[in-house]
Amino acid sequence: MSNIDSKIPEGPLAEKWSRHKAAIRVVSPANKRKLDIIVVGTGLAGASAAASLGELGYNVKAFCYQDSPRRAHSIAAQGGINAAKNYQNDNDSVYRLFYDTIKGGDYRAREANTYRLAEVSPNIIDQCVAQGVPFAREYGGTLSNRSFGGVLVSRTFYARGQTGQQLLLGAYSALNRQIDAGSVEMYARHEMLDVVLVDGKARGIIVRDLTNGEIKRFGAHAVVMATGGYGNVFFLSTNAMGSNGSAAWQAYKKGAYFSNPCYVQIHPTCIPVHGSQQSKLTLMSESLRNDGRVWVPKKKEDAERLRKGEISAVDIKDEDRDFYLERRYPSYGNLVPRDVASRAAKERCDAGFGVNAEGKAVFLDFKYAIERLGRETIEKRYGNLFQMYEKITDVDPYTHPMQIYPAIHYAMGGTWVDYNLMTSIPGLYAIGEANFSDHGANRLGASALMQGLADGYFILPYTIGDYLAGEIMVPKIDTNTPEFDEAEKNVTGRLEKLYNIKGEQPVDYFHKKLGHIMWEYVGMSRNEEGLKKAIEEIAELKKEFWSNVRVPGEMNNINPELEKAGRLADFLDIGDLMARDALNRNESCGGHFREESVTEDGEAKRNDEIGCYASAWEFQGEDKEPVMHREELVFENVKLTQRSYK
């Protein structure tokens with residue numbers, strides 16, 4: 001534990017950030033022009049960071065594997081972004097947002113980071129409005145808010161069901177402005193494959209040009225990872241197919257701690273799986289739970305008839321419907337947090353009340369909202385989401401309930417960072433979903449966009465200056481050094497090894513098998529026996545992958561299968577660490593549900609005596625067991641209580 005320093009400032013919680021900004025070092029405008037920064041990833045966190053750093057005068061190189069920054073997965077976020085503006089005059093505040101986030105994360109996040117997130121949240125809305133983001137507005141012109149799970153106030157700003165897209169367009173516009181000004185160089189279709197350390201500091205990256213297979217070197221005084229989460233380790237998830245954890249994993253193998261890998265979020269409102277050949281799942285925004293009511297039949301015989309197709313949902317009378325979230329959690333009802341809603345849906349389906357052919361779905365019904373508000377109002381709020389659902393399922397959600405079921409969505413775990421968002425490697429930063437810092441064991445809805453933009457616009461631009469103030473006299477990083485030679489050699493050697501296996505099975509064959517292992521044993525419900533079995537099966541699958549995968553095409557050319565193979569090799573290792581972390585955490589908290597730790601009424605049972613920590617795993621070498629360090633979580637401003645939404 002002596003080597004874990006989170007650098008949390010002294011002083012009262014509400015003054016930590018302002019005191020910290022006043023105390024840290026600042027780089028002058030003339031000196032900023034001498035310094036280079038690499039930003040990997042151009043989603044909300046990466047685009048906002050690159051744009052802000054470019055605006056400040058640093059020389060920025062931005063990288064993404066997509067053909068345009070506009071294709072980042074942030075574009076898929078639907079429901080909204082939280083901010084403590086209190087526009088509804090419903091007694092919201094910075095402290096209430098802080099407390100809801102800490103409680104929503106089941107008291108497994110740092111107080112200081114979470115409070116800072118709430119503190120800067122109002123600035124994000126002002127920034128985005130100034131950029132022209134078309135947030136929904138009330139009749140009089142004021143910005144509209146709606147509720148999200150885990151809170152009793154309305155603090156979520158939204159743009160119908162396209163909030164992520166509109167926010168990304170705002171950040172993309174700011175990024176393009178800096179590209180045009182010459183302060184940001186944009187490298188699309190480039191994938192980071194390694195981080196280069198010189199004298200223990202991050203000094204650059206090795207990338208592969210995905211258009212021709214060329215391996216390239218780039219140097220900088222600091223490197224920022226904004227590469228998203230690792231949810232695709234499960235194969236079926238709401239993530240884009242290209243989303244991966246490889247950049248963070250390569251940093252881990254160079255010495256960056258990986259924190260809380262077992263904390264992954266199950267989203268309760270996804271369109272259920274529709275076949276064995278499906279490659280991803282479609283998210284239906286949590287905002288739908290504002291007006292949609294979740295239910296299953298009260299009678300098993302009705303559920304059985306639904307599964308056989310003998311009746312439809314509209315044939316079941318209101319008195320025969322079990323609105324189980326409203327029944328079990330009367331205070332929050334349909335707006336309980338995602339982990340609670342997901343487990344409740346699983347419990348009903350496991351008990352035999354599932355409503356689709358496979359018995360793995362519940363209803364989300366808008367009949368009552370349409371009767372109360374009118375179809376036109378619902379169309380204005382959710383029209384594009386309803387259209388998307390109908391296109392995918394061929395069911396009209398205005399006349400028939402949606403079918404939903406939980407699915408893997410977001411990774412709360414990630415690269416360990418201190419208060420400054422720096423990893424355990426000096427000069428290497430991680431922001432947005434790529435780090436672990438703000439959400440604890442469960443992220444509240446509409447907080448991902450908040451954290452990504454908070455990190456990129458309002459936190460990293462301050463904290464990175466503190467580090468770079470000590471790098472002013474360091475000349476431009478020379479990439480023709482032994483450290484870059486060695487890193488490129490390792491990257492090339494790994495790609496050649498993957499390409500030359502010439503086995504019999506494609507990458508997706510192994511990815512699907514890994515996904516089955518992860519969902520079965522490291523998914524919504526976990527136990528000691530299953531987690532140990534997962535570790536064994538992942539080891540066997542890894543051995544089979546490295547001896548029998550087949551990568552077609554050319555090595556030194558465009559080759560998506562080679563990209564997938566490298567990412568899956570990392571997913572195999574990430575899955576192993578997730579299972580080890582889940583096995584080590586012998587309690588239930590947030591999205592991590594251990595069957596050995598439940599309350600009398602079946603809810604997650606936290607154990608603060610053994611679990612009040614953030615894990616920080618350190619790489620020890622290939623095929624060697626990692627070492628876990630503990631960052632003890634100290635709560636001075638909130639009282640640790642068993643989480644209840646009843």
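Student: How many helices and strands does the secondary structure of the protein come to?
Tutor: The model is a predicted one. Its secondary structure is counted over the whole protein, helices and strands separately. The count comes to 18 helices and 19 strands.

Student: Why is the protein said to be as compact as a globular protein of its length?
Tutor: The C-alpha trace spans about 75 × 60 × 50 Å along its principal axes. For 646 residues the globule rule gives 26 Å, and the protein is as compact as a globular protein of that length because its radius of gyration is close to this value. That radius of gyration is 24 Å.

Student: What percentage of the 646 residues is buried?
Tutor: A residue is buried when its relative accessible area is under 20%. The accessible surface of the protein comes to about 24,400 Å², with 47% of it belonging to carbon and sulfur atoms. By that cut-off, the buried part of the 646 residues is 62%.

Student: How far apart do the centres of the positive and negative side chains lie?
Tutor: The protein carries 80 positive and 87 negative side chains. The centres of these two sets are separated by 2 Å.

Student: Which strands pair with β9 in the parallel sense?
Tutor: Strand β1, residues 36-40, is joined to β9 by four parallel bridges, and isoleucine 37 has alanine 222 of β9 as its bridge partner. A further three bridges, also parallel, link β9 to the strand at residues 428-430. There, valine 223 is partnered by leucine 428. The two strands are β1 and β17.

Student: Which residues of β9 point the opposite way from Ala222 and Val224, and are they buried or exposed?
Tutor: Strand β9 covers residues 222-225, and Ala222 and Val224 point one way from it. The residues on the other side are Val223 and Met225, and these, like Ala222 and Val224, are buried.

Student: Which are the edge strands of the open sheet of five strands?
Tutor: The order of this antiparallel sheet is β11-β15-β14-β12-β13. An edge strand here pairs on one side only. That applies to the strands at 264-270 and 321-322, namely β11 and β13.

Student: Which residues of β15 stand opposite valine 264 and cysteine 270?
Tutor: Strands β11 and β15 run antiparallel and are joined by five bridges. Valine 264 faces alanine 411. Cysteine 270 stands opposite tyrosine 405. The two residues are thus alanine 411 and tyrosine 405.

Student: How many of the ten residues of β15 are buried?
Tutor: Strand β15 takes in residues 402-411. Besides β11, it pairs with β14 (residues 362-365) through three antiparallel bridges, where phenylalanine 363 is matched with glutamine 403. The strand is mostly covered, and the number of buried residues is nine.

Student: Why does serine 447 count as buried?
Tutor: Serine 447 sits in the loop between β17 and α13, the latter being residues 448-468. Buried means under 20% relative accessible area. Serine 447 falls in that class because its relative accessibility is 1%.

Student: Which residues is serine 447 in contact with, leaving aside its neighbours within four places in sequence?
Tutor: A contact requires heavy atoms within 4.5 Å. With the sequence neighbours within four places set aside, the contacts of serine 447 are Asn82 and His439.

Definitions and conventions
Residues are numbered from 1 along each chain as its sequence is written. This is a predicted model: local features need pLDDT of at least 70, side-chain atom pairs count only at pLDDT 80 or more; totals for chains, interfaces and linings use all residues. Side-chain values use heavy atoms; hydrogens and water are left out. The radius of gyration is taken over C-alpha atoms; the globule rule is 2.2 Å times the number of residues to the power 0.38. Buried means under 20% relative accessible area, exposed over 50%, partly exposed in between (1.4 Å probe, protein chains only). Accessible areas come from the Shrake-Rupley method with a 1.4 Å probe; for residues, only the protein chains shown count as cover. Lys and Arg count as positive and Asp and Glu as negative; His and the chain ends are not counted. The place of a charge is taken as NZ of Lys, CZ of Arg, CG of Asp or CD of Glu. Two strands pair if DSSP finds at least two bridges between them.
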